[in-house]
Amino acid sequence: MSTDVMETATDPIDALAGRLFAAGVEAMELCNIYLGVQLGLYDALAGPPATPAELAARTGLAPRYVREWLQQQAVAGLLEPDGSDPDTARYALAAGVSSVLVDPTGPAYLGGLPSALAAVGHVLPDLVRAFRTGEAVPYAAYGPDAVSAQSALNRPAYVNQLVADWLPRIPDLHARLADPTRPARVGDFGCGAGWSTIELAKAFPHLRLDGYDSDEASIGAARRNAVEHGVADRVDFEVADLSDDQADWSARYDAVFLFECLHDLPRPVEALVNTRRALTPHATVIVMDERTAAGFTAPGDPVERFFAAASTLWCVPQGMVGPDPEPVGPLMRASTLHDLASRAGFRRSEVLDIEHPFWRFYRLVP
């Protein structure tokens with residue numbers, strides 16, 4: 001190695017220490033963003049700029065805490081003060097903050113991300129124990145932040161892309177859903193808080209839709225959301241284990257969607273078997289799951305790193321419930337999906353031509 005290269009090479013210890021320190025800073029900043037989202041501070045600052053006293057009065061929060069939060073947010077670059085005195089300066093949202101942290105249906109919204117961090121923090125002692133015992137950490141153990149995080153992270157895509165972009169790329173399915181002369185019945189399996197089901201109901205008023213999820217809190221939220229958006233008369237949400245072969249999965253659905261849930265399920269093959277049983281002749285099954293690399297990649301890009309981190313902290317622990325669990329986790333390759341579909345009795349599975357940075361779309365042919 002030349003002298004010049006040796007002098008410019010980064011010491012691996014310093015590099016790793018710097019990386020972990022930066023990650024710690026960002027984690028702490030995410031916790032402060034959590035406070036801003038939960039307490040409505042960003043929403044309040046979407047109006048006129050405010051001093052600490054004005055923002056405390058506007059939100060009904062304790063002035064001393066508000067002052068400290070404003071100062072932290074300005075240091076982090078998320079707020080812009082108009083002066084050098086943190087007590088008297090008026091603070092305004094920095095460019096981009098409104099789109100990313102205020103508008104819950106905007107395509108760039110990430111206000112649910114700090115809730116995911118809070119939910120994981122809630123169960124970290126349980127995860128330590130689970131690593132030692134092999135037991136599950138059920139979704140319900142993560143608390144209400146888990147439901148709000150999952151809901152908030154996926155909703156913008158359903159609002160902005162599901163009907164406007166994704167479905168038109170599956171022309172025969174789009175035409176079937178849009179046909180009012182033969183109203184289709186649609187199953188949304190693993191529906192969570194129901195936002196995908198609700199967007200389908202809003203776009204196609206003649207459809208009858210059923211959403212299923214094993215989490216009672218999520219189904220409760222879905223029912224409230226359906227009422228709020230005026231579709232409760234056409235949408236039914238029920239608590240159900242998709243892997244339960246004792247449930248009535250007799251043929252009824254012209255289309256079934258599994259949006260970003262298959263990799264979480266304890267028994268994905270059984271869930272797909274029940275999905276196949278629930279279909280009418282010539283029905284369509286669409287699976288949306290993580291867009292991973294074709295094979296194990298180390299080190300991975302930021303998306304792959306996010307999936308890998310979520311696998312140990314979120315998806316696999318939640319999928320270890322019940323007898324003989326076989327959760328795949330979010331690092332599910334396309335080849336794994338094809339294998340699951342084949343084991344469940346589907347004749348064919350194919351990757352659809354729908355581009356998304358986080359998700360891959362599949363069609364399963366019974």
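How many cavities of 30 Å³ or more does a search of the whole structure find? The search turns up one. Keep in mind as you look around that this is a predicted model.

Let's start with that cavity. The volume of the largest cavity is about 40 Å³. Around it you'll find Leu162, Trp166, Leu167, Ile170, Phe257, Phe259, Ile286, Ile354 and Phe361. Sort that lining by class and you get nine nonpolar residues, no polar ones and no charged ones. Two elements each hand over at least two of the lining residues: helix H8, which covers 144-166, and strand S6, which covers 253-259.

Now for the open spaces. The largest pocket holds about 1700 Å³ of space. Its lining is made of 49 residues, and if you want to find the centre, look for Leu30, Leu113, Ala116, Leu153 and Phe306, which lie nearest to it. Several helices give two or more residues to this lining: H2 (12-38), H6 (97-101), H7 (113-133), H8 and H13 (302-318). The largest share comes from H13, with 11 residues. By class, the lining of the largest pocket splits into 35 nonpolar, seven polar and seven charged residues.

The second largest pocket has about 730 Å³ of space. Here 35 residues form the lining, and Tyr139, Asp213, Ser214, Asp215 and Asp264 are the ones nearest the centre. Which element gives the largest share of this lining? That would be H8, with five residues. At least two residues each come from H8, helix H10 (195-203), strand S4 (208-213) and H13. The class count for the second largest pocket is 17 nonpolar, 12 polar and six charged residues.

You've now met H8 in the lining of the cavity, in that of the largest pocket and in that of the second largest pocket. So how do helices like this one sit against their neighbours? Two packed helices are described by the angle between their axes and the distance between the axes. For H8 and H10, the axes come within 9 Å and cross at roughly 25 degrees. An angle under 35 degrees counts as roughly parallel, so H8 is roughly parallel to H10. Their crossing is right-handed. On the H8 side, the contact is made by Ser151, Arg155, Tyr158, Val159, Leu162 and Val163, while H10 brings Trp195, Ser196, Glu199, Leu200 and Ala203. Those contact residues divide into seven nonpolar, two polar and two charged. Leu162 may ring a bell: this residue also lines the largest cavity.

Next, swing over to H2, one of the helices lining the largest pocket. H2 packs against helix H5 (residues 63-75) at an angle of about 130 degrees, and their axes are 11 Å apart. That angle makes H2 oblique to H5. The crossing of this pair is left-handed. From H2, Glu29, Asn32, Ile33, Leu35 and Gly36 meet Trp69, Gln72 and Gln73 of H5. By class, this contact has three nonpolar, four polar and one charged residues.

A further pair is H12 (residues 268-277) with H14 (residues 334-343), whose axes come within 8 Å and cross at roughly 55 degrees. These two helices are therefore oblique to each other, and H12 passes H14 in a right-handed crossing. The meeting involves Pro268, Val269 and Leu272 in H12 and Leu340, Ala341 and Arg343 in H14. Of the residues in this contact, five are nonpolar, none is polar and one is charged.

Finally, have a look at two spots in the backbone. The loop between S6 and H12 is home to Glu260. What is its phi, positive or negative? Glu260 has a positive phi of about 45 degrees, although it is not a glycine. The other spot is the peptide bond from Ala298 to Pro299, which is cis, with omega near 0 degrees. You'll find Pro299 in the loop between strand S7 (279-290) and H13, and H13 is the helix that gives the largest pocket the largest share of its lining.

How values were computed
Residues numbered from 1 in each chain as written. Predicted model: local features only at pLDDT ≥ 70, side-chain atom pairs only at ≥ 80, totals over all residues. Heavy atoms only, no water. Axes fitted to C-alpha atoms, helices over the stretch in contact; angles between N-to-C directions. Helix = DSSP H or I, 4+ residues; strand = E, 2+ residues; numbered from the N terminus. Parallel < 35°, antiparallel > 145°, perpendicular 65-115°, else oblique. Left-handed = near helix turned anticlockwise from the far one by under 90°. Contact = heavy atoms within 4.5 Å. Nonpolar A, V, L, I, M, F, W, Y, C, P; charged D, E, K, R; others polar. 1 Å grid on protein atoms, 1.4 Å probe; cavity = no way out; pocket = protein on both sides within 12 Å on 5 of 7 lines; lining within 4 Å. Points joined across faces, edges and corners; volume = space filled by probe spheres on them.
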